[in-house]
Amino acid sequence: MQQVGSWLNGQDQNMVVFVWHGGEFPGQRPGTTQVDGILAANEAPLALKTGGGLAAFQGEVATDPHLNAARHDAIAHSWGLAATTASELEGARYDSVVSLSGAWMPPGWEGQSNTAYSHYTYTDFLTVAKELDLVGAGNIPDTNPAFAKPLGDPIPTHGDWTLTLPTGSSPFVASEPVRIPMNTDLAGTHSLVASSDNDNLAILRSVQRDLLR
């Protein structure tokens with residue numbers, strides 16, 4: 001996300017960018033494993049706790065007289081969307097919320113009428129997990145009508161392919177074959193969407209337009 005913030009500031013130096021990581025994120029508890037982190041990523045109490053910290057941070061930013069009258073936009077990557085939307089439940093308000101392969105929104109969340117929401121993702125490990133209903137219990141930006149998808153979802157990129165599960169081959173398959181979008185580098189595409197890499201310029205420019213509308 002530091003790359004995204006630096007890129008945006010390079011396009012418009014009147015923009016002040018904060019990259020916030022001021023709360024507990026999944027997998028950061030001492031002694032936890034990667035599996036523990038994945039399980040924690042679905043915990044609504046953790047999202048609400050971290051979102052409360054983000055809401056408090058936004059309140060502190062608003063006390064600056066130079067920033068109080070400015071637009072307040074939030075760009076969230078991966079699990080950061082859970083924390084960002086949880087911050088809205090805790091009183092934070094944004095002019096726009098941009099999801100970059102955002103994970104999910106906490107129970108009870110609804111889009112604010114004065115906030116514009118958008119969602120961008122490539123096919124990555126998180127989109128696959130959501131296809132299998134392993135993340136967010138269906139409360140995800142990919143299908144929530146509050147999130148506009150200007151470039152489509154997911155956005156095609158290098159290494160895309162489709163996994164076809166024939167009828168009866170897994171507990172996720174019902175009466176018809178299931179086709180799951182895949183990529184040869186599911187971790188790489190998850191990082192790409194929050195980078196300033198040239199392969200991500202189309203999304204960066206769309207995010208920039210989102211912040212100007």
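Strand β2 runs parallel to strand β3 (residues 116-120), and 5 bridges join the two. This is a predicted model, so let's take a friendly walk around β2, its neighbours and the cores.

**Strand pairing around β2**
- In the pairing with β3, V98 stands opposite S118.
- Strand β1 (residues 73-77) is also parallel to β2, again with 5 bridges between them.
- Within that β1 pairing, H77 has L100 of β2 as its bridge partner.
- To get from β1 to β2, the chain passes through helix α4 (residues 80-89), making a right-handed β-α-β crossover.

**How β2 is covered**
- Burial takes in 5 of the 5 residues of β2.
- One side of the strand carries S96, V98 and L100, while V97 and S99 sit on the other, and every one of these is buried.
- In a regular strand, side chains alternate between the two faces of the sheet.

**The nonpolar cores**
- The largest nonpolar core has 16 residues, and the members that touch the most others are L100, Y120, I203 and V207.
- At least two residues of this core come from each of α1 (2-11), β2 (96-100) and α7 (201-212).
- Helix α7 is the top contributor to this core, giving 5 residues.
- Another core of 15 residues lies apart from the largest one, and its members include A40, A83, A86 and L126.
- In soluble globular proteins, nonpolar side chains tend to be buried together.

**One residue to follow**
- L100 links these topics: it is the bridge partner of H77, it is buried in β2, and it is among the residues touching the most other members of the largest nonpolar core.

Notes: Residues are numbered from 1 along each chain as its sequence is written. This is a predicted model: local features need pLDDT of at least 70, side-chain atom pairs count only at pLDDT 80 or more; totals for chains, interfaces and linings use all residues. Side-chain values use heavy atoms; hydrogens and water are left out. A nonpolar core is a set of buried Ala, Val, Leu, Ile, Met, Phe, Trp, Tyr and Cys residues joined through side-chain atoms within 4.5 Å. Buried means under 20% relative accessible area, exposed over 50%, partly exposed in between (1.4 Å probe, protein chains only). Helices (H or I, at least four residues) and strands (E, at least two) are DSSP runs, numbered from the N terminus. Two strands pair if DSSP finds at least two bridges between them. A crossover is right-handed if, with the strands pointing away from the viewer, the path from the first strand over the helix to the second runs clockwise.
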